[in-house]
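Colleague: I'd like to go through the charged pairs and the nonpolar packing here. Could you put the model up and talk me through it?

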Amino acid sequence: MNVAADTTSDRIAQYAHPERLVTTQWLADHLATPGLVVVESDEDVLLYETGHIPGAVKIDWHTDLNDPDVRDYVDGARFAQLLGSKGITRDTTVVVYGDKGNWWAAYTLWVLSLFGHEDVRLLDGGRGLWIAEGRVMTTDATRPTAVEYPVVDRDDTTLRAFRDDVLAHLGNPLVDIRSPREYNGELAHMPDYPNEGALRTGHIPTARNVPWATAVAEDGTYRSRPELEAIYQSGGLGLKDDDSVITYCRIGERSSHTWFALKHLLGIERVRNYDGSWTEWGNSVRVPIVKGDEPGELPG
Amino acid sequence: MADDRSVDVPETFARIRADFLELSQADRLLLLLEFSRELPELPERFASAPELLERVEECQAPVRAFTEVDEAGIVHFYASAPPEAPTTRGFAAILAEGLAGLTAEQVLALPDDYPFTLGLTEAVSLLRLRGMSGMLTRTKRQVREQLAT
């Protein structure tokens, strides 16, 4: 870890890995710290250009992190080129924030984690909280000095699940973080969002529905550890520290947000995000699907 | 490539396309940002009654738009999208500028794939361009409906 963790918040200190989250005030106090790079990742590809945290660079989930041809993330060489061009070395402390309650920020953090970038943190509350608090934004272009980032292989086994991994996982906990009407099969996509082409609706058998926003308070910051435990662990879903868990949503962005909470805030070690999510499952031939509000039974 | 296509759309749409295509990928994004700042305000009758506008389901952002054909057969396009959705605002502003003064027939003759000819696929992504495509499709449908009544 290059830059010391944020130890200013009692709430953050309670989490299993408090070094993964920083407060807006901590970030404001550390903006010019050598070895720290702030990354903005938004749903809207132009939002960064309308104003961003001073010195922040932009990483777009779609045009930067996704391979343009194959439905997959960029390879190690492209990833190295991308991060190097943003002034990020392998040792850099990266703090990610973004719009929509940090969906894409969490997604970017998760992709950086697939490549084993060690010190990547989330700005608690994201872009929304930073703005709500009246903190400084700028349209001044950030011109990072390009640095060397090593070419590393992506690890697609520890934090990422593919369709066949999910099939093999059935019987273990699955968390579907979509809206209730996507879960029960009324909708193929989020309310008010485009249908990205799922042919079937419903959910993966036995998946439990906990919409992503359940994990955050009104200001967009994560709920306290006791509150998260009550939602996902005893009293709620009943997830245990040694469970193997898979999260999914529509294309893997909202579930990255919950993945972060389970993995880093609650400390459940084995949590994978299924980025194929419903846009893959809902189109796959012969995979089992359950409709309705109940998780349903394991296929025979 | 722009020359091959310049005959198939009305002048303003052709100029907008040429403006985009002559820029680098990064500058195309900035031009879209300029458009987003120029999206005209809604006239009062729509601003005070947003239900008159139709939600564009294909857009990720909550954009609403409506197209009117006046008695002279001229099309008027109105749209609103929040400042947090500059890409969508940019798409709407391109349509607002391009559609201004066109006849209903000219609008119906617009190629459905116009949004994909602006050279924005790399900078913005195909997924997001579908939002603009959805706006155009809905515009044409609204024009068709009004011509039929």
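Colleague: Which residue forms a salt bridge with Asp124(A)?

Modeller: This is a predicted model, so local features need pLDDT of at least 70, side-chain atom pairs count only at pLDDT 80 or more, and totals for chains, interfaces and linings use all residues. Side-chain values use heavy atoms, without hydrogens and water, residues are numbered from 1 along each chain as its sequence is written, and chains are lettered from A. A salt bridge here is a side-chain nitrogen of Lys or Arg within 4 Å of a carboxyl oxygen of Asp or Glu. With its closest N and O atoms 2.7 Å apart, the partner of Asp124(A) is Arg11(A).

Colleague: How many residues apart in sequence are the parts that this pair ties together?

Modeller: Asp124(A) sits in the loop between β5 (120-123) and α6 (126-132) of chain A, and Arg11(A) is in helix α1 (residues 10-13) of chain A. Helices (H or I, at least four residues) and strands (E, at least two) are DSSP runs, numbered from the N terminus. So the pair links parts whose separation in sequence is 113 residues.

Colleague: Is Arg11(A) buried or partly exposed?

Modeller: Buried means under 20% relative accessible area, exposed over 50%, and partly exposed in between (1.4 Å probe, protein chains only). Asp124(A), at 2% relative accessibility, counts as buried. Arg11(A) comes in at 25%, so it counts as partly exposed.

Colleague: Which residue of chain A meets Arg128(B) in a salt bridge?

Modeller: The pair crosses between chains, starting from helix α8 (residues 126-148) of chain B and ending in the loop between β3 (57-58) and α3 (61-65) of chain A. Arg128(B) is buried at 10% relative accessibility, and its partner is buried at 2%. At 3.0 Å, N to O, that partner is Asp60(A).

Colleague: Which residues share a network with Arg160(A) and Asp156(A)?

Modeller: Arg160(A) and Asp156(A) form a salt bridge, with the closest N and O atoms 3.2 Å apart, and both are buried. Salt bridges that share partners join these two into one network with Asp72(A), Arg154(A) and Asp275(A).

Colleague: Which element gives the most to the largest nonpolar core?

Modeller: A nonpolar core is a set of buried Ala, Val, Leu, Ile, Met, Phe, Trp, Tyr and Cys residues joined through side-chain atoms within 4.5 Å. The largest has 58 residues, and Leu122(A), Tyr222(A), Tyr232(A) and Leu262(A) touch the most other members. Among the elements giving two or more residues are β2 (36-40), α4 (76-85) and α10 (254-265) of chain A. The top contributor, with 10 residues, is α5(A).
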